[in-house]
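Open the model in your viewer and keep the selection panel handy. We will go from one stop to the next, picking residues and looking at what surrounds them.

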Amino acid sequence: LLQEIKIITMEGELTREKIEQMAEMVGCDVDHMAKMMEELRLDRELAKEERARQRAEAGGNLKPCAGQNCGKNGKKRCTGCYVVFYCGEPCQRGSWLGHKAECKRVREEEFRMVNIRKWENQTLNTRPNHNALTKGHCIVQVNFIGVGDQQKIRNKELKVWSQEYTINAFLARGKGQEEVYDKLKKDIEEKGFKGNAGFYVAVVKSNIQGEKMMQIEINPERMLPTEPWANP
């Protein structure tokens with residue numbers, strides 16, 4: 001239900017009708033729900049401030065084109081390593097020989113395959129985009145589950161979700177995934193937004209409709225700048 005609250009706060013203005021709708025769904029009074037929604041809104045404002053700080057530290061550009069002596073803003077990620085950006089095809093072609101080896105190294109050495117459990121939710125499952133990404137990449141927020149004291153229970157699952165909820169799932173510390181889970185958990189606690197959320201590139205490898213699990217590649221070695229849509 002908290003995830004549904006987050007979705008509504010991200011979809012537009014916090015009207016009285018929306019607040020009453022969520023209060024009824026959760027089973028709490030309207031004033032308490034209004035407070036929760038306001039806290040989520042403030043988190044987004046903090047995220048924007050954090051991203052601005054990170055941009056300033058990076059020299060004013062979080063997505064510089066990797067083309068030699070370019071200096072423009074990068075528009076698209078390299079779809080090999082998903083680390084560098086290019087402003088257009090000329091810079092991408094011109095930089096390929098110098099980038100090829102590092103691109104291959106990042107993809108082979110830094111990305112890890114994991115299985116994530118899709119979140120089954122009666123309300124969210126009616127949305128056409130929910131867990132609908134079957135190929136390609138996106139930015140995901142990885143965060144601890146729960147609020148308040150519940151956040152201390154950090155050894156079971158991490159939430160993995162994209163802005164449009166095309167990925168909305170849980171990463172367990174299961175067999176073969178312990179190293180990835182522990183790396184994400186440690187970095188989020190130490191460097192993540194509010195110590196509770198981090199952002200990463202995820203590449204979908206297998207997502208079959210009707211199946212409970214989805215397989216993705218994620219790069220736990222490179223936490224990305226805080227996204228303005230953050231909701232820790």
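Start by selecting tryptophan 161 and asparagine 168: asparagine 168, in S6, is the bridge partner of tryptophan 161. This is a predicted model, so treat each stop as a feature of that prediction. Now show S5 and S6 in full; the two strands run antiparallel and are joined by 5 bridges. Between them, the hairpin has 5 residues, and there you can pick out tyrosine 165, which takes a positive phi near 60 degrees.

Stay with S6 and look to its other partner. S3 and S6 also run antiparallel, joined by 2 bridges. Select lysine 118 to find it opposite alanine 169 of S6. Is S6 enclosed or open? Of its 5 residues, 4 are buried, so the strand is largely enclosed by the rest of the structure.

Next, select isoleucine 167 and display its surroundings. Leaving aside residues up to four places away in sequence, its contacts include Ile116, Val140, Trp161, Val204 and Ile216.

Isoleucine 167 also leads you into the largest nonpolar core, which has 22 residues. Colour Ile116, Val140, Val142, Ile167, Leu171 and Ile216, the members that touch the most others. Strands S3, S4, S5, S6, S7 and S8 each give two or more residues to this core, as does helix H5 (178–191). Apart from it lies another core, of 20 residues; select Cys65, Tyr82, Ile139 and Trp229 to see some of its members.

Cysteine 65 makes a good next stop. It is buried, with a relative accessible area of 10%. Which cysteine sulfur is nearest to that of cysteine 65? That of cysteine 70, 3.6 Å away, and cysteine 65 is in no disulfide. Now pick cysteine 78, which is buried too, at a relative accessible area of 4%. Its closest cysteine sulfur belongs to cysteine 103 and is 3.7 Å away, so the pair is too far apart for a bond. With a cut-off of 2.5 Å between sulfur atoms, the model has 0 disulfides.

Cysteine 103 brings you to the last stop, helix H4, where Cys91, Ser95, His99, Cys103 and Val106 are the buried residues. Show strand S2 (85–86) as well, since these buried residues pack against it. Then trace H4 from residue 89 to residue 109: its end C-alpha atoms are only 26 Å apart, short of the 30 Å a straight helix of 21 residues would reach. Where does H4 kink? Centre the view on tryptophan 96, where the kink is about 70 degrees.

Conventions. Residues numbered from 1 in each chain as written. Predicted model: local features only at pLDDT ≥ 70, side-chain atom pairs only at ≥ 80, totals over all residues. Heavy atoms only, no water. Expected span 1.5 Å × (residues − 1). Bend = angle between axes of the 7 residues up to and from the residue. Buried < 20%, exposed > 50% of the residue type's maximum accessible area, 1.4 Å probe, protein only. Contact = heavy atoms within 4.5 Å. Core = buried A, V, L, I, M, F, W, Y, C linked by side-chain atoms within 4.5 Å. Pairing = 2+ DSSP bridges.
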